[in-house]
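Dear colleague,

Please find below the structure that I am passing on to you. My notes on it follow, and I should be grateful if you would read them beside the coordinates.

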Amino acid sequence: MKKCLIILNVFFLIISINSVEAQQSSSTITGRVVDKETLPLPFANVALYAANDSSLVKVGFTDDQGKFILPGLELGSYWMKISFVGFQSYLSDKFDLAPNQELTWKEVRLENGGETLDEVVVQGDVPILEVKQGQITFNVAQSINTVGISTLEILRKTPNVLIDNAGNIRLMGRTGAIVALNGKILPVSGSDLTAYLQTIQTDQIESIELITEPGAQYDAVGTSGVINIVLKKNSDLGSNGSFSSGYSIGNKSRYNTSLSGNYRNNLLNVFGSYSYNKYQNPYDEDFLTQQRDLVIDLVAKGDLALNRHAFQTGIDFNISPKSVIGFLANGSFLDGSLDIADRATFASSSGIDGLLMAESNNLVTRTDLSFNLNYRFQNENGTFFNVDADYAYFDNSLNNRQPNQILDPSGSTIITENLYITNAPTVIDIKSIKADTEFALGQGNLSLGMKFTDIQSDNTFEFFRAEEDNLILDPERSNDFSYSENVTAAYTSYKINWGEKYKLVTGLRAEYTQTKGNLQTQQSFESDLFERNYLNFFPSVSFSYLPNENHDWSFGANRRINRPNYKSLNPFQFLLNEFYLEQGNPFLLPEYATNITIGHTYKSTVTSSLTYNQIKNLFGDLYLPLDDNRSLGTSVNLDKQAQLTLNISAPLTVSEWWEVYGTVTGFYVQNKFDTLNTSFDAETTSMSLSLQNTFSLPKSWNIELSGFYNSPTLLGVYKTGTIWTVDIGAQKSLWNDRGSFTIGVSDIFKTNYLPQLVSSSLITVDQRRIEDTRRFLVSFSYKFGNIKLKSSRARDTGVDEEKSRTN
């Protein structure tokens with residue numbers, strides 16, 4: 001079955017690439033947009049719609065001369081909409097476009113303000129995947145197979161995203177991806193991040209942006225880029241809202257429900273939402289370790305159960321036609337448990353030495369609160385000034401109860417027995433203020449900005465040992481680790497267009513980082529107190545060349561950084577069981593990445609890119625032998641990673657009712673390090689393939705068949721095995737598209753798990769974790785109130801999306 005899937009995917013992809021030229025004509029629409037004084041309007045939105053169903057066909061925007069071009073169009077009947085903030089929108093009559101026609105549109109003059117056209121309703125879907133220079137957008141709200149699942153599961157299905165067994169997220173095969181929510185970087189990583197993402201449902205998400213070439217206006221973190229999760233935001237005038245509920249069943253059930261409301265008029269917008277999610281995930285894990293003469297074969301069964309309540313509320317005031325001030329509050333409250341049963345045999349060359357029985361019960365509570373105050377000014381010339389003040393508070397508590405028994409080989413006699421209790425609260429405070437501005441300078445636009453962030457983290461480990469029904473605090477294993485980080489950043493960026501063919505964006509970001517860690521414990525550590533201050537510069541450049549309507553070439557380069565997370569810096573040992581411990585490394589250095597990309601788009605359809613990436617001080621999770629029978633997991637800096645990546649994406653309209661979108665990515669990876677008495681030097685060539693089939697059927701039914709395949713590759717010091725999956729779903733629209741009903745099956749063949757192997761002269765670790773991924777899902781959603789699209793508010797997808805990310 002796996003081979004059949006691979007062959008089928010490759011077949012579809014080859015068909016899509018080879019068929020594009022045959023299906024596309026070279027018809028083009030060009031034009032110019034001006035104001036009432038006949039001055040050009042740069043960055044006005046231009047959208048082309050099919051006349052038969054008002055579905056969006058192509059979107060573009062004007063350059064600094066007010067000119068636009070919509071290339072690569074097929075024959076047919078269309079209508080066009082042109083809009084700009086503060087101006088009346090222009091709506092054309094229906095017109096016909098002939099094959100290979102070069103249509104020059106009459107000059108469009110937009111009037112200031114004016115009446116709104118309340119009865120214009122735009123219907124139609126945006127593509128599931130959008131690929132452009134430096135970014136892939138996965139429009140989650142348009143995919144049937146993402147309904148009723150968590151954000152973590154969505155990321156596992158997202159093309160060119162890979163999550164390992166420790167919860168580390170890779171983007172385009174590279175380590176160091178940073179996850180952001182509405183442009184705000186989440187201050188958690190690893191298992192804490194995956195636990196958080198497991199409780200955010202798809203009905204809250206509009207899209208996932210894979211930003212592989214962030215400009216200078218973005219924080220420099222994320223050596224492989226930024227994964228930005230964009231939550232839904234309602235912009236319709238009047239009162240409206242939505243309700244959704246979903247249920248899925250695998251080995252255990254999950255369910256979620258949400259309610260949102262919105263009121264908007266010309267002066268203010270008030271909105272709010274509430275959601276509840278019950279998440280359960282039983283899993284099986286195998287962990288085979290060999291060090292010196294000892295072999296430990298551990299089998300674990302885990303059962304994760306989480307409950308999450310979340311809310312969002314906000315208000316925006318239009319204090320003038322050009323200015324808006326807004327307040328936003330987000331919060332979530334999570335509680336749950338993780339029960340783990342470890343069973344292990346440990347053996348040497350003389351035979352089985354004994355058995356380990358370890359039962360671990362973990363109780364988790366988490367409170368996340370964030371508040372944002374925003375002011376934004378933007379005039380009709382595109383000049384804007386934006387200020388954000390943010391405060392976030394994270395309170396995470398973990399209580400662990402862990403009995404450990406060592407038995408003789410027969411399992412009948414207890415040799416040793418210990419009960420450990422751990423209380424580990426973590427509190428993180430984040431304060432941030434930033435300001436950005438952009439204005440015309442010369443023939444281009446200059447952007448300037450600065451940001452100050454203050455992070456305070458307090459991590460406590462209280463370790464208790466049970467003695468005669470009493471809990472005794474073990475001061476030798478208890479500690480308090482406080483960590484502070486201040487980052488002061490400033491950036492400048494300049495973008496300029498030379499005619500219709502050339503575009504250049506350059507930027508430079510400077511970040512001065514001050515960190516301080518303080519470990520309070522009764523043990524003596526070389527690293528009880530450490531401080532580190534450093535100044536870094538992060539240049540970026542992006543150049544595009546459009547020789548004609550068939551070809552679009554681009555070049556991009558940037559430098560980025562990843563700073564160690566707080567847990568990986570704490571030098572104290574955390575007990576997993578009698579054989580396995582984890583310990584942070586306070587001497588962990590930031591990792592730095594240099595990325596260079598050459599891209600090409602053919603007829604606005606087939607997109608390809610070639611990227612070279614090199615990371616210095618690469619973070620790596622490493623297992624080391626601690627003594628004769630215990631292993632220690634820690635984070636270290638590897639020497640470097642070098643990677644070459646080739647990516648090709650292409651759509652194919654097989655018929656009026658069948659559309660296919662395919663992506664294929666090839667990787668060459670080389671990892672090297674020599675540290676802690678062990679060395680690693682490996683290279684591999686691998687590939688990733690994803691395919692999305694959408695079928696539009698009569699009576700408002702749609703079916704989606706999707707899947708991906710990843711061949712074996714390298715993740716730091718780990719060698720991974722093959723991972724692949726297939727999903728299918730069906731959706732029916734109800735009550736004039738106000739409601740929808742969805743059913744589906746995810747991971748049909750239960751293959752979505754990742755085998756991992758690390759082997760060195762000191763230790764070999766072979767592990768795999770199989771989660772509850774094969775599930776039957778059902779979901780219902782309903783929109784109420786005014787759901788018409790007002791022409792006076794510029795909806796126009798991709799262009800507005802780029803602007804919103806400067807907030």
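**Findings**

Thr422 is buried, because its relative accessible area of 6% falls under the 20% cut-off. This residue belongs to strand S25, which covers residues 414–441. Leaving aside residues up to four places away in sequence, Thr422 is in contact with Leu398, Asn399, Asn400, Glu462, Phe463 and Phe574.

Please note that the model is predicted, and that its confidence varies along the chain. The mean pLDDT of the protein is 79, and 81% of the residues reach at least 70. Strand S22 (residues 323–348) has the highest confidence, at 91, whereas helix H5 (residues 797–804) has the lowest, at a mean of 25. Residues 788–807 have a pLDDT below 50, although the model gives this stretch 63 contacts beyond near neighbours in sequence. Over residues 1–25 the pLDDT likewise stays under 50, and here the model has 44 contacts beyond four places in sequence. Where pLDDT is low, predicted coordinates should not be read in detail.

As to the overall make-up, the protein contains 5 helices and 46 strands. Of its 807 residues, 52% are buried. If one takes the contacts between residues at least 6 apart in sequence, 66% of them join residues at least 24 apart. The exposed surface of the protein comes to about 34900 Å², of which carbon and sulfur atoms supply 56%.

Two strand pairings may be of interest to you. In the one, strand S14 (residues 178–181) runs parallel to strand S17 (residues 226–231), and 4 bridges join them. Ala180 has Asn228 of S17 as its bridge partner. Which residues of S14 are buried on each side? Ile178 and Ala180 are buried on one side, and Val179 and Leu181 on the other, so that both faces of the strand are covered. In a regular strand, side chains alternate between the two faces of the sheet.

In the other, strand S26 (residues 444–467) pairs with strand S27 (residues 470–473) in the antiparallel sense, over 4 bridges. Phe464 is placed opposite Leu473 of S27. The hairpin that S26 and S27 form has 2 residues between the strands, and Glu468 adopts a positive phi near 55° there.

Turning to the aromatic residues, the whole structure yields 15 aromatic pairs. One of these is formed by Trp724 and Phe749, with 5.7 Å between the ring centres and 35° between the planes, a tilted arrangement. This pair links distant parts of the chain, 25 residues apart: Trp724 lies in strand S42 (residues 723–734), and Phe749 lies in the loop between strand S43 (739–746) and strand S44 (756–759). Are the two partners buried or exposed? Trp724 is buried, with a relative accessible area of 7%, whereas Phe749 is partly exposed, at 34%. Elsewhere, ring pairs connect Tyr78, Phe95 and Trp105 into a cluster.

Finally, there are arginine side chains placed over aromatic rings. Arg769 lies over the face of Tyr283, at 3.7 Å from the ring centre. Arg376 is positioned over the face of Phe384, at 4.4 Å from the ring centre.

With kind regards

Definitions and conventions:
Residues numbered from 1 in each chain as written. Predicted model: local features only at pLDDT ≥ 70, side-chain atom pairs only at ≥ 80, totals over all residues. Heavy atoms only, no water. Buried < 20%, exposed > 50% of the residue type's maximum accessible area, 1.4 Å probe, protein only. Contact = heavy atoms within 4.5 Å. Areas by Shrake-Rupley, 256 points an atom, 1.4 Å probe, with all protein chains shown as cover. pLDDT = per-residue confidence, 0-100. Phe/Tyr/Trp six-rings, centres within 6.5 Å; stacked < 30°, edge-to-face > 60°. Lys NZ or Arg CZ within 6 Å of the ring centre and 35° of its normal. Pairing = 2+ DSSP bridges.
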